[in-house]
Amino acid sequence: MPNMRSFVSAVAGCALLASLISVVYAADRDRYPSKPIRIIIGTTAGASPDVLARLIGNKLSESWKQPVVVENRPGASGVLAYNSVAKSTPDGYTLSLAAPGIAIHAAMTRNLPYDTLKDFAGVTEIGYSNVVVVVGPGLGVKSLKELVEYANARPGKVLNATGVPGGADYLTAERFKYFAGIKSKPVSFKGSIESLLEASAGRAHFSSTGLTAAMPLIQDGKLIPLVQLVPGLPNVPAAADVVPGWKPMGTQAFLVRSGTPMEIRQMLSKEVGRILALPDVRERLAAVAFHITPRTPEEHDKKLRADIAAFTAIIKEMGLQVN
């Protein structure tokens, strides 16, 4: 009987502990956010995810009266940043501003330190960046047609500055080259700004990345835009007109660790949606032709699965190596 009484007492104790933990978590949800929020991104400063994180983070801090800290953790094309979120506490205080690279890695990288579909939960989609193909003014190329002719006349000698293999910039550039019929050697850099500066200085023949990062150099006359993924820049042809196979793929979105309470995910989603609808935010994003496409947490979970499937298909079509 003493053993039975001990067993019953232990069970009762466990039940009480579980009940207390449930009450604590419920209280945390009721007063969320009650401490600083971190947004972790896998890019360097100035890239599109960095700009978005700081723009939205500042607005979140204003409305919720809590600090929102943006942490840049470039490396391994975003994998280091994603892994830190995948291993974080599922309480809504650590967010990933995920670029399309998170779906690309799931499609073409084996042995990731996390499971993309099991370790992350959607908060909301933000949207997708316009992408622009640019050359330095010293190259003497003024159009996409001239770039194709230039590259074809110099087989094996043309370089395109791009991001780390497996990242969004890298695959976007490879898709552009595939559909435009350009053969060039990719030269990888840690961030968008570095690759753009290489093209501007003439050390690479061309580059392609988000318009958010490229716009200052275009405005200063240090880069010439030849084609853009979607309409945005005046007097620059869109891909649908000159490279019809090159289409938008993937989005930028907020994710959290799986297991984060749905109430918190929905609170974040609604607040980010409100911020994206603010006139000053829409005006700033429209200036770089960023397309805003907010979704609910459930909708984004489905979208991430669809993006992984789409990237898997195009990677297979292009014959790119899965590492």
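Visitor: What volume does the largest cavity have?
Guide: The model is predicted, and the values here are computed from it. The structure holds one cavity of 30 Å³ or more. The volume of the largest cavity is about 70 Å³.

Visitor: Which element gives the most residues to the lining of the largest cavity?
Guide: The lining includes Ala-98, Pro-100, Thr-251, His-300 and Asp-307. Two or more residues each come from H4, strand S10 (252–257) and helix H13 (297–318). With three residues, the element that gives the most is H13.

Visitor: How many residues in the lining of the largest cavity are charged?
Guide: Among the lining residues are Ala-99, Ile-102, Leu-255 and Leu-304. By class, eight residues are nonpolar and three are polar. The number of charged residues is one.

Visitor: Which residues that line the largest pocket are the closest to its centre?
Guide: The largest pocket holds about 640 Å³ of space. Its lining is made of 44 residues. The closest to the centre are Thr-43, Ala-99, Pro-100, Ala-168 and Asp-169.

Visitor: Which element gives the most to the lining of the largest pocket?
Guide: Helix H2 (48–64), helix H4 (101–108), helix H7 (168–180) and strand S8 (206–210) each give two or more residues to this lining. By class, the lining has 22 nonpolar, 19 polar and three charged residues. The element that gives the most, with six residues, is H7.

Visitor: Which strands stand at the edges of the sheet that contains S1 and S10?
Guide: Six strands form this open sheet, in the order S2-S1-S3-S10-S4-S11, and the pairing is mixed. Each edge strand has a single partner strand, so one side of each is left without a neighbour in the sheet. The edge strands are S2 and strand S11 (291–292).

Visitor: Which residue in S10 stands opposite Leu-97?
Guide: Strand S3 (residues 94–98) pairs with S10. The sense is antiparallel, over three bridges. Opposite Leu-97 in S10 stands Phe-254.

Visitor: At what angle to S3 does helix H3 run?
Guide: Helix H3 (residues 79–86) lies across S1, S3, strand S4 (120–128) and S10. These strands belong to the sheet in the order S2-S1-S3-S10-S4-S11. The angle of H3 to S3 is about 145 degrees.

Visitor: Why is one side of S7 and of S9 left without a neighbour in the sheet?
Guide: Five strands form an open sheet in the order S7-S6-S8-S5-S9, with mixed pairing. The twist from one strand to the next averages 30 degrees. Strand S7 (185–188) and strand S9 (224–228) stand at the edges, so each has a single partner strand.

Visitor: Which residue in S9 is the bridge partner of Val-135?
Guide: Strand S5 (residues 131–135) pairs with S9 over four bridges. The sense of this pairing is antiparallel. The bridge partner of Val-135 is Ile-224.

Visitor: What angle does the direction of H8 make with that of S8?
Guide: H8 packs on the sheet. The strands that H8 touches are S5, strand S6 (159–162) and S8. With the direction of S8, H8 makes an angle of about 150 degrees.

Visitor: How far apart are the axes of H8 and H9?
Guide: Helix H8 (residues 192–201) and helix H9 (residues 211–219) pack at an angle of about 35 degrees. The crossing is right-handed. The distance between their axes is 10 Å.

Visitor: How many residues of the contact of H8 with H9 are nonpolar?
Guide: From H8, the contact has Ser-192, Ile-193, Leu-196 and Leu-197. In H9 they meet Ala-213, Ala-214 and Leu-217. One residue of the contact is polar and no residue is charged, while the number of nonpolar residues is six.

Visitor: Is the peptide bond from Tyr-32 to Pro-33 cis or trans?
Guide: Pro-33 is found in the loop between helix H1 (2–30) and strand S1 (37–41). Omega for this bond is near -5 degrees. The bond is cis.

Visitor: What phi does Lys-65 have?
Guide: Lys-65 is found in the loop between H2 and strand S2 (68–72). Although Lys-65 is not a glycine, its phi is positive. The value is about 55 degrees.

Notes:
Residues numbered from 1 in each chain as written. Predicted model: local features only at pLDDT ≥ 70, side-chain atom pairs only at ≥ 80, totals over all residues. Heavy atoms only, no water. Axes fitted to C-alpha atoms, helices over the stretch in contact; angles between N-to-C directions. Left-handed = near helix turned anticlockwise from the far one by under 90°. Contact = heavy atoms within 4.5 Å. Nonpolar A, V, L, I, M, F, W, Y, C, P; charged D, E, K, R; others polar. 1 Å grid on protein atoms, 1.4 Å probe; cavity = no way out; pocket = protein on both sides within 12 Å on 5 of 7 lines; lining within 4 Å. Points joined across faces, edges and corners; volume = space filled by probe spheres on them. Pairing = 2+ DSSP bridges.
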